[in-house]
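Thank you all for making the time this morning. I would like to walk through one model with you, going from its interior to its pockets and then to a few single residues.

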Amino acid sequence: MSCYFRRLSATEFEPTDHVGGAWNPDEQHVAPVLGLLAHIIEADHAVRRADTPLVLARANYDILGVIPMAAFEVSTRVVRPGRTIELVEATLSQGGRAALTLRAWMLQTGDTDDLAGTSLVASMPPRADLAGWRMDAGWQGGAIRSVEFRHRDFGPGRAQSWLRPTVPLLADEAVSARARMLGALDFANGIAIRVSPNDLLYPNVDLTASLFREPQGEWIGLDTSVSFGPGGIGLTESVLSDEAGPLGTSSQTLTLRRR
């Protein structure tokens, strides 16, 4: 079965060709990796907190270096334990070198249905109104080829896309809707192109996402804006949606490097 990663042990994994990076196909695209770390934190949490489960409400990833297309290990620890709030950390390492960390706030749920609402502005159109699209404007690797897109471009640095990964994170393992969404958010940096990646490198050094409800369905909506500052730093921001409407936001800090 096609998947992004193969599990080698309880803590070790290896990428498949579907994880090949957009900047360099010999490096892992971090999008699937972000989803995997969220899944690992949730799986660990389910074992530790089977009677009093919390949900992953905010994910803060720091990308510490490139991740070659090779096996890696993931460790987890509880940074801040609590009955209704936990802060949990997962670290991906290769050869003893930490390459990526996730700090996830796990929060208690409750019945606030009568208070539910949002003022987030994101008018994602129906998928049928958007054309099919390939992320092929200078991007490389297997990861972007593993995703189906419906897309609308508003000009440099502004776009909307419905997307869905066509392969699972892992074979024969159930993955939550939250982890699946988190595993697609790094594609935002490539859907709203301000400058061609053939002319400028603008990788992100982090990704932070907050979700205020459970995603529904297979398709993920990204209403994305990309900003470049005058001093070599950029920002990609997205409003996240499913077919029921907005459900959160994500942001990525970019480092701009001329080729």
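Let me begin with a term: when I speak of a contact, I mean heavy atoms within 4.5 Å. What you see is a predicted model, in which local features need pLDDT of at least 70 and side-chain atom pairs count only at pLDDT 80 or more, while totals for chains, interfaces and linings use all residues. Residues are numbered from 1 along each chain as its sequence is written, and side-chain values use heavy atoms, with hydrogens and water left out.

With that term in hand, consider Ile-41, which touches Val-88, Glu-89, Ala-90, Leu-102, Ala-104 and Met-106, not counting residues up to four places away in sequence. Ile-41 lies in helix α1; helices here are DSSP runs of H or I with at least four residues, strands are runs of E with at least two, and both are numbered from the N terminus. At 0% relative accessibility, Ile-41 counts as buried, where buried means under 20% relative accessible area, exposed over 50%, and partly exposed in between, with a 1.4 Å probe and protein chains only.

How far does α1 reach from its first C-alpha to its last? The helix has 19 residues and reaches 27 Å, close to the 27 Å expected at 1.5 Å a residue, that expected span being 1.5 Å times one less than the number of residues. Because 14 of its 19 residues are buried, α1 is largely enclosed by the rest of the structure.

Now to the interior. A nonpolar core, as used here, is a set of buried Ala, Val, Leu, Ile, Met, Phe, Trp, Tyr and Cys residues joined through side-chain atoms within 4.5 Å. The largest such core has 62 residues, and those with the most contacts inside it are Phe-5, Leu-37, Tyr-61, Leu-92 and Leu-100. Helix α1, residues 30-48, gives the most to this core, with nine residues. Leaving aside neighbours within four places in sequence, Leu-92 is in contact with ten residues' worth of partners that include Val-33, Leu-37, Ile-67, Phe-72 and Leu-100.Turning to the pockets, about 600 Å³ of space lies in the largest one, which is lined by 26 residues, with Trp-23, Glu-27, Val-66, Pro-203 and Asn-204 nearest its centre. A pocket, on a 1 Å grid over the protein atoms alone, is an open set of points where a 1.4 Å probe fits, with protein on both sides within 12 Å along at least five of seven lines, and lining residues have an atom within 4 Å of a point. The volume is the space filled by probe spheres set on the points, which are joined across faces, edges and corners.

Trp-23 also leads us to Leu-201, which is in contact with Trp-23, Thr-255, Leu-256, Arg-257 and Arg-259 once neighbours within four places in sequence are left aside. Leu-201 is found in strand β10, residues 200-201, and at 28% relative accessibility counts as partly exposed.

Finally, Asp-172 is found in the loop between β9 and α3 and, at 77% relative accessibility, counts as exposed. Its phi is near 65°, a positive value in a residue other than glycine.
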